[in-house]
Amino acid sequence: GGTSVAKLCDRLEALLRQAASDEADYGAAVAKENAAVAECRDVEKTGLAQLQKLEEERLEFFRDSITRLIAAELGALENMSVSLDRPDAAPDPPDGPSQKENVPPRPRWNVKWHAEAS
């Protein structure tokens, strides 16, 4: 008897110490994991903020490009409208206006932008 009870008590005491040590190690590992998760969240927030900024810059560039394109197209259309609306756009032939009688009249194009029509 007494020796086997003493051995069991020693064994139980060693297991309790190991359990306490394992619990402390586990707590330290959880703390490290939580710190790593927090750091990852910070990195992710920074990355997402940079992506958002890049997307806003891309949209601004696209908007500016479309605005410049529309302005150029409007300018071209206005020039076209002015040149087509001019009554003197088709000068008389060098031989005189008599030959012009056999030529059908030149059509007048009224090119207007939709916003002007309303």
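Here is a short tour of this structure, stop by stop, for you to follow in your viewer. Keep in mind that the model is predicted.

**Stop 1: the whole protein**

Start with everything shown as a cartoon. You should find two helices and zero strands. The chain has 118 residues, and 3% of them are buried. Now switch on the surface: the accessible area comes to about 10,600 Å², and carbon and sulfur atoms account for 60% of that.

**Stop 2: helix H1**

Next, select residues 2-85, which make up helix H1. Most of our remaining stops are here, so keep this helix in view.

**Stop 3: Glu 13 and Arg 17**

Time for some charged side chains. Side chains of opposite charge can pair when their charged atoms come close. The structure holds three salt bridges, and we'll visit them one by one.

Select Glu 13 and Arg 17 and show their side chains. They meet in a salt bridge, with 2.9 Å from N to O. Both residues sit in helix H1, four residues apart, and that is about one turn of the helix. How exposed is each partner? Glu 13 has 43% relative accessibility, so it counts as partly exposed. Arg 17 is exposed, because its relative accessible area is 53% and the exposed class begins over 50%.

**Stop 4: Glu 55 and Arg 58**

Move along helix H1 to Glu 55. Which residue does the Glu 55 side chain meet in a salt bridge? Select Arg 58 and you'll have the partner, at 2.8 Å from N to O. The two side chains also make a polar contact, listed at 2.8 Å. Glu 55 and Arg 58 are three residues apart in helix H1, so about one helical turn separates them.

Check the surface here too. Glu 55 is partly exposed, at 34% relative accessible area. Arg 58 is partly exposed as well, with a relative accessibility of 46%.

**Stop 5: Arg 63 and Asp 64**

For another salt bridge, pick Arg 63 and Asp 64. Their closest N and O atoms are 3.3 Å apart. Asp 64 has a relative accessible area of 29%, so it is partly exposed.

**Stop 6: a nonpolar patch**

Now leave the charges behind and select Phe 62, Ile 66, Leu 69 and Ile 70. Turn the surface back on: these four form a nonpolar patch there, with about 360 Å² of accessible area together.

Click on Phe 62 by itself. This residue is found in helix H1. Is Phe 62 partly exposed or buried? The answer is partly exposed, because its relative accessibility is 48%, and buried would mean under 20%.

**Stop 7: the cysteines**

Finish with Cys 9 and Cys 40. How many disulfides does a search of the whole structure find? Zero, so don't expect a sulfur-sulfur link when you zoom in, since a disulfide needs two cysteine sulfur atoms within 2.5 Å.

Compare how the two cysteines sit at the surface. Cys 9 is partly exposed, with 46% relative accessible area. Cys 40 has 53% relative accessibility and so counts as exposed.

**Before you close the viewer**

Zoom back out for one more look. You've toured a predicted model with two helices, three salt bridges and a nonpolar surface patch that includes Phe 62.

Key:
Residues are numbered from 1 along each chain as its sequence is written. This is a predicted model: local features need pLDDT of at least 70, side-chain atom pairs count only at pLDDT 80 or more; totals for chains, interfaces and linings use all residues. Side-chain values use heavy atoms; hydrogens and water are left out. Patches are made of residues with over 30% relative accessible area and no salt bridge: like charges are joined within 9 Å, nonpolar side chains (Val, Leu, Ile, Met, Phe, Trp, Tyr) within 5 Å. Accessible areas come from the Shrake-Rupley method with a 1.4 Å probe; for residues, only the protein chains shown count as cover. Buried means under 20% relative accessible area, exposed over 50%, partly exposed in between (1.4 Å probe, protein chains only). A polar contact is a pair of N or O atoms within 3.5 Å; within protein, one must be able to donate a hydrogen and the other to accept it, and residues adjacent in sequence count only if both atoms are side-chain atoms.
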